[in-house]
Amino acid sequence: MTSYQNISVIGAGAWGTALANATARAGRDVVLYARQATIATTIRTTRENPRLPGIKLDADVGVTDDLAGAAKADAILLVVPAQNLRSAAIDLAPHLAKGTPVIVCAKGIEHGSHKFMTEIVAATIPDAKPAILSGPSFASDVARGLPTAVTLAARDETLAASLVHALGSATFRPYHTTDVRGVEIGGAAKNVLAIAAGIVVGKQLGASALAALTTRGFAELMRFGRGLGARAETISGLSGLGDLLLTCSSPQSRNFSLGIALGRGALPSPGKLAEGQFTAPVLVELAEAKDIDMPVANAVAAILGGALTVNEAIEALMTRPFKAEG
């Protein structure tokens, strides 16, 4: 089993920094790459990322703004927002050795192309070995070393298992699977459903409504996943149900916070990326193409697109024809 001792994290945001700490705790030699030299210098000198205030970067993590140097690793964690993944992969491609695993750590579907994350890596870095890491995890928890479990998927089971052993530690526990699409679907769809959950909280509709929304949202997630070839056990696992429960229950989630703002009739916080905003219309289009019923996701997309007000969307959901549960 390959050890993957040298691992580079491409993307020095909060999540990238957290994963750099987690990987260092696993005993690996870690380099954190920041695209801007000023950010790299700040993190290197203060050992703290302004996006994770109060949390120190592990002493064994190196910091660089040299992409070519960072690419000389046994494996890559590609930790950039989903809508920036293609450009980051294109920049990385010329510097990677053939066969290098590239583990995507973004949750979403590319706007316009409808491509999932590993599909983008396969298209832009054809000699790489794509993988995906996803699951119920907040950057601050992982950075501090609080217990966290996630899912890592690669089409080759030996590769997936090797990467799990490279990244896993006493506080960060990845489970491996070959169901790449299932893991990607869970990470993308839960962002949209979290916006809906936030709207319920922002509108002060009560705990019963939030439980109902989360449950029916999971039913949509399962239908969508099965319709696109995912395994039921993946959708009901950490990267599906687990991530949905976390994201639909905490203001640390940007998507949940966006929903709260919408429910209160307020504007979203400026400068905060909520990936569900980009994913919602794509999710709806993919569901329609497969004739998959997703009323909650449709409502979120309609609200974000200005086709329905929050009140109109709630009324439409509550007045749908009665049916058997399923």
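Helices here are DSSP runs of H or I with at least four residues, numbered from the N terminus. With that in hand, let us walk through this predicted model, starting from its sheet and moving out to the helices and loops.

The sheet is open and built from eight strands, in the order β3-β2-β1-β4-β5-β6-β7-β8, with mixed pairing. At its edges you will find β3 (61–64) and β8 (172–177), each of which pairs on one side only. On average, neighbouring strands of this sheet are turned by 25° against each other, direction ignored.

Let us zoom in on β7 and its two partners. Strand β6 (residues 129–134) and strand β7 (residues 148–153) run antiparallel and are joined by three bridges. To trace this pairing in the viewer, look for Leu133, whose bridge partner in β7 is Leu152, and for Ile132, which stands opposite Ala153 of β7. Towards β8 the sense is parallel, and six bridges link β7 with β8; here Thr151 has Tyr175 of β8 as its bridge partner. How enclosed is β7 by the rest of the structure? Five of its six residues are buried, so β7 is largely enclosed.

Next come the helices that meet the sheet. Helix α8 (180–202) lies across β6, β7 and β8, and runs at about 40° to β6. One residue of α8 worth a stop is Arg181. Is the residue Arg181 buried or exposed? Its relative accessibility is 17%, and buried means under 20%, so Arg181 counts as buried. The side chain of Arg181 makes a polar contact of 3.2 Å with the side chain of Glu119. Leaving aside residues up to four places away in sequence, Arg181 touches Phe116, Glu119, Arg155 and Leu228.

From α8 we can step across to α13 (276–289). These two helices, α8 and α13, pack at an angle of about 105°, with their axes 8 Å apart. Angles of 65 to 115 degrees count as roughly perpendicular, and α8 and α13 are therefore roughly perpendicular to each other. On the α8 side the contact is made by Ala188, Ala189, Asn191, Val192 and Ile195, and on the α13 side by Gly276, Gln277, Thr279, Ala280 and Leu283.

Helix α13 also packs against α14, at an angle of about 120° and with the axes 9 Å apart. That angle makes α13 oblique to α14. Their crossing is left-handed. Helix α13 contributes Gly276, Gln277, Ala280, Pro281, Leu283 and Val284 to this contact, while α14 contributes Ala297, Asn298, Val300, Ala301 and Leu304. Gly276, Gln277, Ala280 and Leu283 of α13 are thus listed in the contact with α8 and also in the contact with α14.

Both α8 and α13 lead us to helix α12 (residues 254–263), which is mostly covered, with eight of its ten residues buried. Those buried residues are Asn255, Phe256, Leu258, Gly259, Ile260, Ala261, Leu262 and Gly263. What do the buried residues of α12 pack against? Their neighbours are α8, α11 (238–247), α13, α14 (295–304) and α15 (310–318). At the N-terminal end of α12, Ser253 acts as a cap: one of its side-chain oxygens lies 3.3 Å from the backbone nitrogen of Asn255. After α12 comes Gly265, which has a positive phi near 75°.

We finish with the loops. Thr309 sits in the loop between α14 and α15 and is partly exposed, with a relative accessible area of 41%. Its C-alpha atom is separated by 9.5 Å from that of Leu262, although Thr309 and Leu262 are 47 residues apart along the chain.

Two other loop residues deserve a look at their backbone. Most residues other than glycine have a negative phi. Gln204, in the loop between α8 and α9 (207–227), has a positive phi near 55°. Asp291, in the loop between α13 and α14, also has a positive phi, near 60°. Gln204 is exposed, with a relative accessible area of 72%, and Asp291 is exposed with a value of 72%.

Notes: Residues are numbered from 1 along each chain as its sequence is written. This is a predicted model: local features need pLDDT of at least 70, side-chain atom pairs count only at pLDDT 80 or more; totals for chains, interfaces and linings use all residues. Side-chain values use heavy atoms; hydrogens and water are left out. Buried means under 20% relative accessible area, exposed over 50%, partly exposed in between (1.4 Å probe, protein chains only). Contact means heavy atoms within 4.5 Å. A polar contact is a pair of N or O atoms within 3.5 Å; within protein, one must be able to donate a hydrogen and the other to accept it, and residues adjacent in sequence count only if both atoms are side-chain atoms. Two strands pair if DSSP finds at least two bridges between them. Axes are lines fitted to C-alpha atoms, for helices over the stretch in contact, and angles run from 0 to 180 degrees between N-to-C directions. Angles under 35 degrees count as roughly parallel, over 145 as roughly antiparallel, 65 to 115 as roughly perpendicular and the rest as oblique. A crossing is left-handed if the near helix is turned anticlockwise from the far one by less than a right angle, and right-handed if clockwise.
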